[in-house]
Structure formats: C-alpha cells, structure tokens
Amino acid sequence: MSDPNTPPELFTWEFATDPYPAYAWLREHAPVHRTRLPSGVEAWLVTRYADARQALADQRLSKNPAHHDEPAHAKGKTGIPGERKAELMTHLLNIDPPDHTRLRRLVSKAFTPRRVAEFAPRVQELTDGLIDNFVTKGSADLIHDFAFPLPIYAICDMLGVPREDQDDFRDWAGMMIRHGGGPRGGVARSVKKMRGYLAELIHRKRDEPGDDLISGLIRASDHGEHLTENEAAAMAFILLFAGFETTVNLIGNGVYALLRNPGQRERLQASLATGERGLLETGVEELLRYDGPVELATWRFATEPLTLGGERIAAGDPVLVVLAAADRDPERFGEPDTLDLARRDNQHLGYGHGIHYCLGAPLARLEGQTALATLLTRLPDLSLAVDPADLRWRGGLIMRGLRTLPVEFTPFGADIH
Ligand code: HEM
C-alpha cells in the first residue's frame with residue numbers, strides 16, 4: 001500500500017470494508033487520479049479536501065450527464081443517472097443553473113428548516129415505535145429493523161403519503177437499496193411504481209391540499225412561477241431518494257463507529273444522561289466526517305478543459321469527488337483517523353458543498369440525532385453481536401453502508417422510555 005509507484009486496488013470487497021488506507025495513498029501520491037470504474041467508465045477521483053471543495057463549487061463541472069461523451073453511456077450500464085431517461089431523473093442533482101436555481105428556490109420554500117423542526121415529535125414517535133418492536137427481544141439487525149424503516153416512514157409522513165400506503169414505499173425502497181444503481185429489472189419496476197404513485201398523489205393533493213410537503217410543493221411559487229406536476233413529482237422523488245439510503249447509512253455507520261469506539265460512546269451516553277445536547281450535535285457531524293454515508297459525491301462532467309490538482313481534465317470527462325477521502329485529509333483535520341465526537345473545527349464535506357449542498361441536512365440531522373440518542377438511552381448496553389470481520393459493506397459506488405448490523409442488548413419491557 002505504501003509503494004508510491006503502485007496505486008492500490010480500488011472497488012474490491014477489501015476496499016469496501018476499509019477504503020481509508022487506499023484513499024490515504026491517493027491523497028498523497030495521486031490526489032486527482034484517473035481510474036477505470038468497475039462499470040468500465042473512466043473517471044477522475046478527487047481526494048484532497050482543498051481540491052474537493054474547489055471541484056464541488058466549480059461551475060465548469062456540470063451535473064448534466066449530457067456532457068458525458070463516453071460511448072458506454074448510451075448502453076445504460078454505467079449507473080450514470082441520465083441513462084434512465086425517466087422524467088423523474090431530471091431533478092436537482094442532475095441539472096445546472098439556471099434551471100437548478102429556479103427549482104431549488106421553489107422547493108426551499110416548501111421544505112424549510114421550520115417545517116423540519118415542527119416534525120421533531122413525529123420523528124421521536126417513529127423512533128420509539130421501531131425500538132418498541134424489538135426491545136423485548138434482546139437482539140436486532142439495526143439496519144433492517146431500525147435504520148431502514150425510520151427514514152422511509154419519516155419522509156413519507158412529511159410528504160403526505162397516507163400511512164396505509166407507506167409499506168408499499170418501504171418495499172419499493174427496499175428493492176432500490178438492495179439492488180441499488182442497476183437501471184433494470186426490479187429497481188426499474190420499483191422506480192416506475194413510485195413514480196406512478198407520486199404522480200397520482202400530486203394530482204389528488206392539487207384538488208385537496210393538506211398541511212404536507214407535497215401540498216407545499218404544489219403551492220410554492222416564486223415570482224408567479226410554480227412547479228409543474230412533473231417537476232413536483234420529480235422533486236418528491238428526489239427527496240425520497242436522496243433522503244433515504246443516506247439516512248439509513250448515517251444511522252448504521254454511526255452506530256457501528258460508536259460501538260467500535262467505546263470511550264467516545266460512553267462519553268456521549270454520560271452527556272445524554274445529563275440532558276445535554278451539545279456532544280450529540282457535534283458528535284453526529286463527526287460521525288458524518290469520520291465514516292459518512294456518501295462516500296463519493298454524485299457525477300460531475302467537465303464542460304470545458306480545466307486543471308484540477310495539477311491534472312488536465314478534458315471536456316466531457318467524469319469527475320467524482322471522494323468526500324470520504326477529503327474528510328480524512330490531514331491537511332484539513334487534526335488526527336483525521338480518530339473519532340472525536342467533540343471536534344469543533346469540523347467543516348466536513350459529508351453534505352457536499354456549493355449550490356448542490358444537501359437540501360435535507362436539517363432533516364438528516366434531526367433523524368440522526370434522534371435515532372442515536374434514543375438508541376443509546378433506551379439500550380444502554382448495546383453491543384455488536386458478530387465479529388466486525390463478519391460484517392459486509394454494500395458494494396455501490398456512491399454510498400457507503402453496512403448490509404446488516406446485528407446487535408444485542410439486555411431486553412427491557414416495551415413501555416420503558
Ligand atoms: C445523513 C444523511 C444525508 C447525507 C450524508 C446527505 C448528503 C448529501 C450530499 C453529499 C449531497 C450533494 C451531492 C453532490 O453534490 O454530488 C446531497 C444533496 C441533496 N440531498 Fe442530501 N444527504 C442526506 C440526507 C438527505 C435528506 C434527509 C434529504 C431530504 C429529504 C436530502 C435531500 C437532498 C437533495 C434534494 C439534494 C440535492 C440538492 C441539490 O442538488 O441542490 N438529503 N445530500
């Protein structure tokens with residue numbers, strides 16, 4: 001790994017388990033590195049914090065996949081979003097200004113930090129309800145039983161999907177997370193069903209608006225402009241899509257990091273017992289920096305030749321900013337491989353940077369803080385039920401998360417909280 005002439009193997013199973021040594025090599029020896037991805041597409045990986053921040057804010061790097069000229073693109077095998085063609089994929093993460101500016105302004109009017117704050121009691125209720133389902137058993141798979149359902153129910157509630165339909169979403173989302181990225185088969189069918197459902201729901205909410213986010217999206221206007229029904233459906237879809245697997249992995253990776261760092265976890269538990277929230281708040285940010293859910297930012301494409309970290313990038317080249325590598329850059333963070341929940345100088349890139357900065361960050365923070373605080377308080381002796389070496393990470397390109405997280409704890413009566 002330390003041989004400066006031999007790049008580490010990327011995207012293998014060993015790499016998925018612990019990509020950080022390979023990222024350290026890249027940061028040091030090839031900070032802007034052209035590589036062939038498992039799909040066959042050639043892309044640049046950007047691993048240093050300063051370059052990553054610059055790339056995320058560089059308007060010459062477009063989010064529109066039409067700028068990519070790789071022939072494989074047309075064949076639909078690369079996971080590049082535009083290949084799916086569906087109107088639902090024409091959303092914030094795939095478009096540039098001025099369309100992006102217009103749509104983001106409109107959605108920001110409906111999806112406000114205030115709306116998220118008002119939602120806090122419901123997130124707590126959902127969290128407790130899920131823990132109630134397994135608290136008497138003494139063991140659980142925290143991904144399947146907790147981290148997976150929580151965000152899907154939360155965003156469905158927020159959007160205004162009736163409770164009786166939410167298990168359909170759970171199933172469709174389950175299909176997408178299990179076989180993430182593949183545009184064919186079950187995933188395509190799930191996307192189609194979600195799209196059909198959302199289009200119909202938007203239609204209904206237009207006639208009978210409520211106090212939910214979909215009604216807010218329909219109502220939102222900016223200088224007399226409104227979202228079309230298609231745009232509102234695409235927006236609802238991106239909120240589901242961008243807010244789902246990310247939050248699953250924030251909870252999964254976060255709990256796992258705490259279980260592997262008992263000193264930090266005890267500190268957090270002690271601080272929660274006093275009713276203090278400060279360490280919880282800095283702690284969730286640190287967990288995002290230390291082992292965040294979004295390993296690579298989404299695809300960007302050079303619209304013109306440019307230089308990044310000393311490398312010449314040609315027009316049409318894909319650029320992938322490795323957030324996980326940038327957030328462990330020793331040039332930016334002291335002792336970057338150490339989990340320090342009290343870290344203050346922590347401008348991590350876990351939520352991105354620039355005009356595509358995560359729109360859902362307030363909701364993610366609310367869900368992450370509620371989930372971790374409640375788990376650690378209600379299940380104080382929570383521990384891993386398997387050897388860490390037996391845990392498997394999902395192999396996707398963009399997201400980083402565990403397939404399962406088996407835990408055990410002293411069972412309690414379901415009414416204790
Ligand atoms: C821990 C959880 C989350 C993490 C780590 C996360 C991370 C990110 C990142 C890194 C980006 C920028 C991607 C890029 O520039 O390529 C992003 C964008 C976005 N996120 Fe999140 N996200 C999380 C949760 C959520 C939630 C809960 C929602 C909404 C319900 C959401 C909605 C969005 C949207 C709509 C965008 C696109 C913004 C734009 O293009 O203007 N995210 N997120």
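**Close-up views of a predicted model**

**View 1. Strand 7 meets strand 10.** Strand 7 (residues 300-302) pairs with strand 10 (residues 318-321) in the antiparallel sense, over two bridges. The model shown here is predicted. Within this pair, Arg-300 stands opposite Val-319 of strand 10.

**View 2. The open sheet and its edges.** Strands 7 and 10 belong to an open sheet of five strands. The strand order is 1-2-10-7-3, and the pairing is mixed. Strand 1 and strand 3 (61-62) stand at the edges. Each has a single partner strand, so one side of each is left without a neighbour in the sheet. Helix 3 (residues 49-57) packs on this sheet. Helix 3 touches strand 1, strand 2, strand 3 and strand 10. The direction of helix 3 makes about 125° with that of strand 10.

**View 3. Helix 2 and its cover.** Helix 2 spans residues 20-29. Its buried residues are Ala-22, Tyr-23, Ala-24, Trp-25, Leu-26 and Arg-27. What covers them includes two helices, helix 1 (13-17) and helix 16 (323-326). Strand 1 (32-36) and strand 2 (42-46) are also part of that cover.

**View 4. Helix 14 crosses helix 17.** The axes of helix 14 (residues 262-273) and helix 17 (residues 361-378) come within 10 Å. They cross at roughly 90°, which means that helix 14 is roughly perpendicular to helix 17. Helix 14 makes the contact through Leu-268, Gln-269 and Leu-272. Helix 17 contributes Ala-373, Leu-376 and Thr-377. By class, this contact has four nonpolar and two polar residues, with no charged residues.

Note on methods. Residues are numbered from 1 along each chain as its sequence is written. This is a predicted model: local features need pLDDT of at least 70, side-chain atom pairs count only at pLDDT 80 or more; totals for chains, interfaces and linings use all residues. A residue is buried if 20 or more other C-beta atoms lie within 10 Å of its own, exposed if 12 or fewer, and partly exposed in between; C-beta atoms are placed from the backbone. Helices (H or I, at least four residues) and strands (E, at least two) are DSSP runs, numbered from the N terminus. Two residues are in contact if their C-beta atoms, placed from the backbone, lie within 7 Å. Axes are lines fitted to C-alpha atoms, for helices over the stretch in contact, and angles run from 0 to 180 degrees between N-to-C directions. Angles under 35 degrees count as roughly parallel, over 145 as roughly antiparallel, 65 to 115 as roughly perpendicular and the rest as oblique. Ala, Val, Leu, Ile, Met, Phe, Trp, Tyr, Cys and Pro count as nonpolar, Asp, Glu, Lys and Arg as charged, and the others, Gly among them, as polar. Two strands pair if DSSP finds at least two bridges between them.
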